[in-house]
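Please look over the chain shown below. The report that follows takes up its fold, its aromatic residues, its loops and one of its pockets.

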Amino acid sequence: MKLKTFDYITLTIAIIGAINWGLIGFFHFNLVSALFGSMSWLSRVIYILVGLCGLYLITFYVNGNHDDSSDV
């Protein structure tokens, strides 16, 4: 069974986290803190979700998620 939808959701959350880190690095602006408060329970949940999604995406390297349809 393919988890394509779950993969896209986790990738999207990880991209949002990466954009937030980019904003922090370039402009010293934390979007999550600005929207949800500095280390409020909601911002902590968002940080936890981003971290879990990042850990899940590591499995793409381990499993070798390659498109087999390109093999001739």
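Is Y56 buried, partly exposed or exposed? Y56 is partly exposed, because its relative accessible area is 23%, and the cut-off for buried is under 20%. The model is predicted, and every value here is computed from it.

**Overall fold**

The chain has three helices and zero strands. Read from the N terminus, the order of elements is α-α-α. Of the 72 residues in the chain, 12% are buried. Contacts also reach along the sequence. Among those between residues at least 6 apart in sequence, 48% join residues at least 24 apart.

**Aromatic pairs**

The count of aromatic pairs comes to three. One of them joins F6 and Y56 in an edge-to-face arrangement, with 5.0 Å centre to centre and 75 degrees between the planes. F6 lies in helix α1 and Y56 in helix α3, so this pair ties together parts that are 50 residues apart in sequence. F6 is partly exposed, with a relative accessible area of 42%. Another pair is formed by F26 and F27; this pair is tilted, at 6.2 Å centre to centre and 50 degrees between the planes. Both F26 and F27 are exposed. There is also one aromatic cluster, made up of F6, Y56 and F60.

**Helix α3 and its partners**

Does the length of α3 agree or disagree with its residue count? The helix has 23 residues, which at 1.5 Å a residue should span 33 Å. Its end C-alpha atoms are 33 Å apart, so the two values agree. S43, C53 and L57 are buried in α3. The buried residues of this helix pack against α1 and α2. After α3 comes G64, with a positive phi near 65 degrees.

T10 sits on the other side of these contacts, in helix α1. Its relative accessible area is 2%, so T10 is buried. Leaving out residues up to four places away in sequence, T10 touches C53, Y56 and L57. C53 and L57 are among the buried residues of α3, while Y56 is partly exposed.

L11 also lies in helix α1. It is partly exposed, because its relative accessible area is 34%. L11 and C53 are 42 residues apart in sequence, yet 7.1 Å apart in space, C-alpha to C-alpha.

The accessibility of several residues discussed in this report is set out here.

| Residue | Relative accessible area | Class |
|---|---|---|
| T10 | 2% | buried |
| Y56 | 23% | partly exposed |
| L11 | 34% | partly exposed |
| F6 | 42% | partly exposed |
| M39 | 44% | partly exposed |
| H28 | 73% | exposed |

**Loop residues with positive phi**

Which loop holds H28? H28 is found in the loop between α1 and α2. Its phi is near 55 degrees, a positive value in a residue other than glycine. H28 counts as exposed, because its relative accessibility is 73%, and exposed means over 50%.

M39 is found in the loop between α2 and α3. M39 is not a glycine either, and has a positive phi of about 55 degrees. At 44% relative accessibility, M39 counts as partly exposed.

**The second largest pocket**

How is empty space found in a model? Rolling a probe the size of a water molecule over the atoms shows where empty space is left.

The second largest pocket has a volume of about 170 Å³. Three elements give two or more residues to its lining: α1 (4-27), α2 (31-36) and α3 (41-63). Which of them gives the most? It is α1, with five residues.

The lining includes I16, G17, I19, N20 and W21. L31, V32, L35 and F36 are also part of the lining, as are I46, Y47 and V50. By class, the lining residues of the second largest pocket divide into ten nonpolar, two polar and no charged.

Technical notes. Residues are numbered from 1 along each chain as its sequence is written. This is a predicted model: local features need pLDDT of at least 70, side-chain atom pairs count only at pLDDT 80 or more; totals for chains, interfaces and linings use all residues. Side-chain values use heavy atoms; hydrogens and water are left out. On a 1 Å grid over the protein atoms alone, a cavity is a set of points where a 1.4 Å probe fits but cannot get out, and a pocket is an open set with protein on both sides within 12 Å along at least five of seven lines; lining residues have an atom within 4 Å of a point. Grid points are joined across faces, edges and corners, and a volume is the space filled by probe spheres set on the points. Helices (H or I, at least four residues) and strands (E, at least two) are DSSP runs, numbered from the N terminus. Ala, Val, Leu, Ile, Met, Phe, Trp, Tyr, Cys and Pro count as nonpolar, Asp, Glu, Lys and Arg as charged, and the others, Gly among them, as polar. The expected span of a helix is 1.5 Å times one less than its number of residues. Buried means under 20% relative accessible area, exposed over 50%, partly exposed in between (1.4 Å probe, protein chains only). Contact means heavy atoms within 4.5 Å. Rings of Phe, Tyr and Trp (its six-membered ring) pair if their centres lie within 6.5 Å; planes under 30 degrees apart count as stacked, over 60 as edge-to-face and the rest as tilted.
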